[in-house]
Amino acid sequence: ELSEKRLRASEKELKKSNKQKDMFFSIIAHDLRSPFTSLLGFTQFMVQEADSLTKEEFREFSASIDKTARNVYNLLENLLQWARMKTGKMEYSAVKINLHELISDIIDLYQPNAFKKKISLRHNCNTEKMVTADTNMLNTVFRNLVANAIKFTRENGIIEIKSEQKEKFVEITVKDDGVGIPKENIDKLFNIDEHVSTVGTNKERGTGLGLVLCKEFVEKNGGTIKVE
């Protein structure tokens, strides 16, 4: 009976693993391929029509190429980190981190994105607050959460990051006044099998992998993540 239970558990885990791999390759095949098709189209047109393009047209094409390239880079970064996590090649190294400094760096990184949509990006994290976590993992979590908040917030919106001491843990909230999430999708957000991806307020595209990665990394650091 014990052997049979172990066999069933092993089979269930194997099916889950295979499903995740299928999803992973699906993301590579579709979400990574599509932006390159767009990039190649832009660059080919610019090469062929270089002499006839106006400065304004050149600026518009350059901006589109830059936006697409950044999206591809972010996707590739998430894919590589998720793959390293699943293959056990990502080492966990917990250190003391100044939360205020880490959040400030993330805000500086995404301030240009927020500025383009006239979004106010701010935080009120305690300047002295220290947390114990893996720096790279925590960086990845906040990069994804802030990028998501910007993606789904309309022009002139507000995004606020705040922290609150909760016994042995620090609760960090990334709050926006954006479009929100349908209740039926909330339970699917952290599950790679569901692959929930929605277009942002400026037609920004995603893959549905960012929040899955956030959940993996938060739990690796002994924490929990939720959405309201």
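**Exercise 1. Find what the side chain of T140 reaches, and work out whether T140 is buried or exposed.**

Step 1. Start with the polar contacts, that is, pairs of N or O atoms within 3.5 Å, where within protein one must be able to donate a hydrogen and the other to accept it, and residues adjacent in sequence count only if both atoms are side-chain atoms. The T140 side chain lies 3.0 Å from the backbone oxygen of N136. A second polar contact, at 3.3 Å, links the side chains of T140 and R143.

Before going on, a word on the model: it is predicted, so local features need pLDDT of at least 70 and side-chain atom pairs pLDDT 80 or more, while totals for chains, interfaces and linings use all residues. Residues are numbered from 1 along each chain as its sequence is written, and side-chain values use heavy atoms, with hydrogens and water left out.

Step 2. Now look further along the chain. Contact means heavy atoms within 4.5 Å. Setting aside neighbours within four places in sequence, T140 touches N78, Q81, L213 and F217.

Step 3. Check the accessibility. Buried means under 20% relative accessible area, exposed over 50%, and partly exposed in between (1.4 Å probe, protein chains only). T140 has a relative accessible area of 1%, so T140 is buried.

**Exercise 2. Describe helix 4, the home of T140: how is its N-terminal end capped, and how many of its residues are buried?**

Step 1. Helices (H or I, at least four residues) and strands (E, at least two) are DSSP runs, numbered from the N terminus. At the N-terminal end of helix 4, D134 acts as the cap, with a side-chain oxygen 3.1 Å from the backbone nitrogen of N136.

Step 2. Test the length. The expected span is 1.5 Å times one less than the number of residues. For the 17 residues of helix 4 this gives 24 Å, and the end C-alpha atoms are 24 Å apart, so the two agree.

Step 3. Count the covered positions: 12 of the 17 residues are buried. Among them are M137, F142, R143 and K151.

**Exercise 3. Repeat the length test on helix 2, which supplies N78 and Q81.**

Step 1. Helix 2 covers residues 55-86, and its 32 residues should span 46 Å; the end C-alpha atoms are 46 Å apart, which agrees.

Step 2. Both N78 and Q81 are buried, as are others in helix 2, including F61, W82 and M85.

Step 3. Just past helix 2, look at G88, where phi is positive at about 75°.

**Exercise 4. Work out the strand order of the open sheet, and say which strands stand at the edges.**

Step 1. Two strands pair if DSSP finds at least two bridges between them. Strand 2 (residues 120-123) runs parallel to strand 4 (residues 158-166), with 4 bridges; S120 faces I158, and H123 has I161 as its bridge partner.

Step 2. Strand 4 pairs antiparallel with strand 5 (residues 169-176) through 8 bridges, with K166 opposite F169. These two strands form a hairpin with 2 residues between them, and E167 in the turn has a positive phi of about 50°.

Step 3. The order is therefore 2-4-5 with mixed pairing, and strand 2 and strand 5 stand at the edges, each with a single partner strand.

Step 4. Finally, add the helix. Helix 4 packs on this sheet, touching strand 2, strand 4 and strand 5, and its direction makes about 25° with that of strand 5. Such angles run from 0 to 180 degrees between N-to-C directions, with axes fitted to C-alpha atoms, for helices over the stretch in contact.
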